[in-house]
Amino acid sequence: MAPSHVRPDAAAASARPVLSCQGVDKLYGSRTNVTRALDDVSFDVAPGEYIAIMGPSGSGKTTLLNCISTIDRPTSGHILVDGQDITSLRSGQLSRFRRERLGFVFQDSNLLDTLTARENIALALTINHAPAREVPARVEQVAARLGVADVLDKFPHQMSGGQKQRVAAARAIVTNPSLVLADEPTGALDSKNSRRLLESLEALNADGATIIMVTHDSFAASYSRRALFLKDGRIFNEIVRGSKTRKAFFDEIMDVVSFLGGEGADVR
Amino acid sequence: MYAKIALGNVRKSFRDFSIFFLTLAFGVCVFYAFGSITDQAAVIQMAEDERRMVEALSDILGGVSVFIVVILGFLVVYANRFLIRRRKREFGIYLTLGMDVRHVSTIVVVETLAVGVVALAVGLVLGIALSQVMMYVTARLFEATIKGFVFAFSLTACANTVACFAGIFLVTLVFNVTTVSRYKLIDLINADRVSEKVKLRSLPLSVVLFVVSVALIGVAYKTLIEHGMVEEGPYFALATGLVTVGTLLFFFSISGFLLRLVQTSPRLYLSGLNMFVMRQLNSRINTAWLSISLVCAMLFVAICGVCTGFSVATGMNESLAAGTRYDMSLVSYPMGLASQHEEGPAAADGYDAIARLRADVPGYDEIFRDAVQVNQYAYDADGSPLVDTTVEELFANTDFSGNATMQTLIQGNTTQTLTLVPVSEYNALCEMAGEPGVELADGECLLWNDLSSLDELWEAVAEQNPEIEACGRTLRFAEDPIVSMLFSDMPAGGSVSGALVVADDVLPAGASPTCTVVNLMYNGDRAEVEPRAVAAVEDAYDDVMGGGSTLDAWPVWNLTTAQGLLEQSSGTTVAVTYLAIYIGFMLLVSCAMVLALQQLSEAADNVSRYRVLAELGAERRLISRALLAQVGVYFLFPLVVAVAHAAVALSVINDIVALLTGFQIGTALVGTVCFVVVLYGGYFLVTYLTSRSMVVRSESRAAGL
C-alpha cells in the first residue's frame, strides 16, 4: 500500500468517487405505518477520504452503513462502489464484493475466539484466496502498523479490548479494501484505547485507506477529515476539517451536535 | 417462586432443553421396547420350545441391558452437562441478584425434574408403540402368527424402565447440584467471554504420544492375530488392554498433533477456511477426545456384534444344510470310551448295529428305508493301537501357517491315535447319500475330514507326511487325499476329522470298532416320519441312551435327527440375530446420538462464528465445506478407528465362526456395512444439514436476504 501524498479534500472533486450514494431510501414497517429510516441520502466519498457519519440514536446512521456494507438493501436509490452498483448484486456476487472491496471494524471486535490474532488477520486473506506464501508477511506488516505485533499469538480472550479492536482493524485493512467501514469502533473502549485506535485509523488514512466511520462520539469524529450529520434519515449538515486543527474541528462538531440536541449537548 | 423461575426457564430455552429431553425420551423408549420382549412372546402364538428360546434370549438381553443402561446413563449425563454449561452466565446472574447457591440448585433440580418426568412419560408412550411394532417383527422372525390386533403392555418392563431411569436421573441431579454449587461467581459471569481454554500441547510431546499410541495399537493387533481369542494365557486380555490404552492415547494426542502438523505446511494451513476448521476442531477435541474414544469403542462393539451375529446366524443355516444329510444318526462306542476298550454287549452282536436295531426297534423296516453302519477302528484284538502315530505328532511334523485360533482349538484333543475306516463302509455311506464313492489303489489311503474349514490343515498334513504306518504296513496318501462325506448328523459338521480310509484288507481280523455310527434314512417324508422314528428308537433304548456307561449303550449312545437339528437351530438363529441387531442398533444409535448432540449443541456457538465468516465475505460454498469437514471429522474419526479395530477383531472372530459353522464372515460384512452406513450415515447427514441450515439462516440474515 503506497502512501498517498494527495490530500483527500483537494482531490475529492477530480477523482472518481470510491463510494457514491444516490438518493438512497430505506423504509421499514407495514404499508399503514412506514418508518423512513433513510430519506433521499446522497453523498460521494473520494479515494483516500476519512468520513465520520454522526447523528443521534435513530437517525439512520447504522442503517446507512448496513446498506453500504451490503448487509442490508436500500428500498430505492443506488449505491456505487468503484463505479459498481452494489444494490443490484446477487448473493454470490455480494460475498465476493464484501471480501474484495470492504473491510469491517465492529463495535465488538467480532474476532473468532478459536483463532489467534495472527490467524484472525490471516483468515481475511485466505478467504480472499491470497497465495499462502504471501500471507505471513502481509499479516506481520499490517500488525506492525497497528501496533499489535506483540499479541499476534494470543487468543482474543487473552487480549484487552483495545488490542482486540486494533486486531480487528488490522483484519479489515489487510486485504487492501477500497473501503474500510467502522461501526462505532471506539464504543466499547476506554479513552486511552480509543485514542490509540483512532490514531491508528488516522495513520491508515494517511497511507491512503478510505475510511467511513459511524459514531456518535464527537471525539472520535474529530479524527476524520469530513463529518456528515444525519437526522431523521436525512443529511442534515456536513463539515469539512480542511486545514483546521483537530481541536478546532472537534469544537465545530460539538456545535452541530449540541444544535442537534444529541449526546454531549451539555458537555460544553 | 423458584419453581416458577425453573418452569419459565424450560419454556424460554426450549431448544437447549430439547436436546436433553430427546435423549432421555429416546433412551426410555428403546429400553422399554426391548425390555418387553418376554411379555410380547406371551402374546405371540409360538411353539413351546421357541418360547423357552425367547425366555433364554430375554435373560441374555437382560444382561446386555445393564450395559445399555450404562451407555444411556452416560448419554443423559452428557446431554445434561451441555445444558448446564450453556447456562453458566444465567446462574451467575441469579447469584449476583443475591440468590443462595441452594436456591439456584433448587431451580436446577426443578428444571431437571420437570423435563425428566415429561421425557419419561413421552418415552414410555413411544416405547409402547415401538414394542407393538417389534412384536410383529418378532412374530415374523419366529414364523408365528398374531390373531387380530393385540395391545401388549408389559408392566415389568415399564417398572424396570422407570427404575433404571430414576437411577440415571438421580445421578444427573446429584451431578447438577454439585456442579452448580462448585462454580465460582467470577467464572459464571465471565462464562460467555472466556471460551473453553484452548490448551496447546507441545508438538514433540504430541508426536511422541501419537507414535506410542499407534505402536500400542499395532502390538495389540499383532498379539490378537497371532494368538487369537481362545488361546489360553493373558494374550486376549493383553490385546484388549493395549488397544484400549492405545485408542485413548491416539485421540488424546491427535488433537494436538494434527493441528501442529497442518500448521507446518503454510500451503495447507493458509488456504481457504482450513485454518478455521482446524482451530474449530482443536477447540473442542481437547475435551472431546474422551467422548470420541467412547464413541469409537461403542462403534467397535456394534460393528463386531452385528457382523458376528449375522454371520453366525447365516453360517448356522448353511452348515446346517450340510450337517443334516441323513435323517437320523445313531452313535455308539462299542468298546466304551477310548481309554477303556473292554468288551460289552456289542461283542455279542458281532458289532453289527443294524441287525441289533432291526431286532429291537418295533416296526424298523416300515420306518427306515435304508441304513449304513460305519465303524472307526483304533485297536487290534490284543488292544494295541493299529496306528502308532497320534494326531499331535502329525501336526508337529507339519508346517502349517494357518491361523492361531484353529490351531489352538485343534490342540485340545490330539493325543489320540488315528482311527481306520474300511473303504467299503465309506462307499456304502456315499451310495446312500447319492454321492460318488472312492477307489483306493494298492497301498493307498485317504484322510476323512468332514469339517471343511480344516481341509487346508489336513491337506498340508498329507502333503508333508506322504506316508503313514498302519497295521504294520506303510500306506501312502492318494493324490486327492481328503474325503469329506458327512460322518453323522451334526449341527455344524465336524463329526470326524482325521480318520484314515483304508482298503478293507488292511484291517487285521479281530479288530473291533471304538466308534460306530448308523446313519438311517426314513421311509417317507422326513417331518412326517420323524415322531414315529424317534418314539420307536427311544422306546427300544430309553434305558441305555445317553446315561450310564457308554459301553452298555449299544447300539445307541446318542441319537441325532436332521429334523431335530433344524428345529433347534431356527430358534438359535433368531436369538443370535435378534441379539446382534439389538446391541448393534442400540450402540450405533447411541454413538450417532452423542455426536449429533455434541455438534448441534455447539451449533449455536458456531452460528456466530460462521456469521463472521460470511461478513468477511466467505462464499457459501466455502462455508458449507468447512462445516461438512467439521461435522465429518467428528463422525468419521471414531468410525475409521473402530473399523480398523473391528477388521482385526473380525478376522480373528472369523476363524472361530468358520471353524464352528464353516461360514466366512466376509459375506455378512456387506449387510453390516449397509446397516452402519444407513444408520450412522443418516445421523451424520441429518446433523450436517441441520447445522448448515442454522448457519445459512444466519448468514442470509447477515447478507440481508
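## Chain A, its sheet and its contact with chain B

In this predicted model, chain A places 28 residues in contact with 27 residues of chain B. On the side of chain A that touches chain B, the elements giving two or more residues are helix 3 (91-101), helix 4 (117-127) and helix 5 (135-145) of chain A. By residue type, that side of chain A divides into 13 nonpolar, 7 polar and 8 charged residues.

Chain A also holds an open sheet of 6 strands with mixed pairing, in the order 6-7-8-3-9-10. Strand 6 (102-105) and strand 10 (234-240) of chain A are the edge strands, each pairing on one side only. From one strand to the next, the twist averages 20°. Helix 6 (residues 161-173) of chain A packs on the sheet, where it touches strand 6 and strand 7 (179-183) of chain A. The direction of helix 6 makes about 175° with that of strand 6 of chain A.

In the sheet order, strand 3 of chain A stands between strand 8 and strand 9. Strand 3 (residues 50-54) runs parallel to strand 9 (residues 226-231) of chain A, and 4 bridges join the two. With strand 8 (residues 211-214) of chain A, strand 3 also pairs in the parallel sense, over 4 bridges. The table lists some of the residues of strand 3 with their partners in these two strands.

| Residue of strand 3 | Partner | Strand of the partner |
|---|---|---|
| A:Ile51 | A:Arg226 | strand 9 of chain A |
| A:Ala52 | A:Met213 | strand 8 of chain A |
| A:Met54 | A:Phe229 | strand 9 of chain A |

Is strand 3 of chain A mostly covered or mostly open? Strand 3 is mostly covered, with 5 of its 5 residues buried. In a regular strand, side chains alternate between the two faces of the sheet. On one side of strand 3 of chain A are A:Tyr50, A:Ala52 and A:Met54, and on the other are A:Ile51 and A:Ile53. These residues are all buried, and both faces of the strand are covered.

Chain B, the partner in the contact described at the start, has 705 residues, of which 45% count as buried. The secondary structure of chain B comes to 23 helices and 9 strands. Among its contacts between residues at least 6 apart in sequence, 86% join residues at least 24 apart.

Methods
Residues numbered from 1 in each chain as written. Chains lettered and ligands numbered in written order. Predicted model: local features only at pLDDT ≥ 70, side-chain atom pairs only at ≥ 80, totals over all residues. Contact = placed C-beta atoms within 7 Å. Nonpolar A, V, L, I, M, F, W, Y, C, P; charged D, E, K, R; others polar. Pairing = 2+ DSSP bridges. Axes fitted to C-alpha atoms, helices over the stretch in contact; angles between N-to-C directions. Buried ≥ 20, exposed ≤ 12 C-beta atoms within 10 Å, placed from the backbone.
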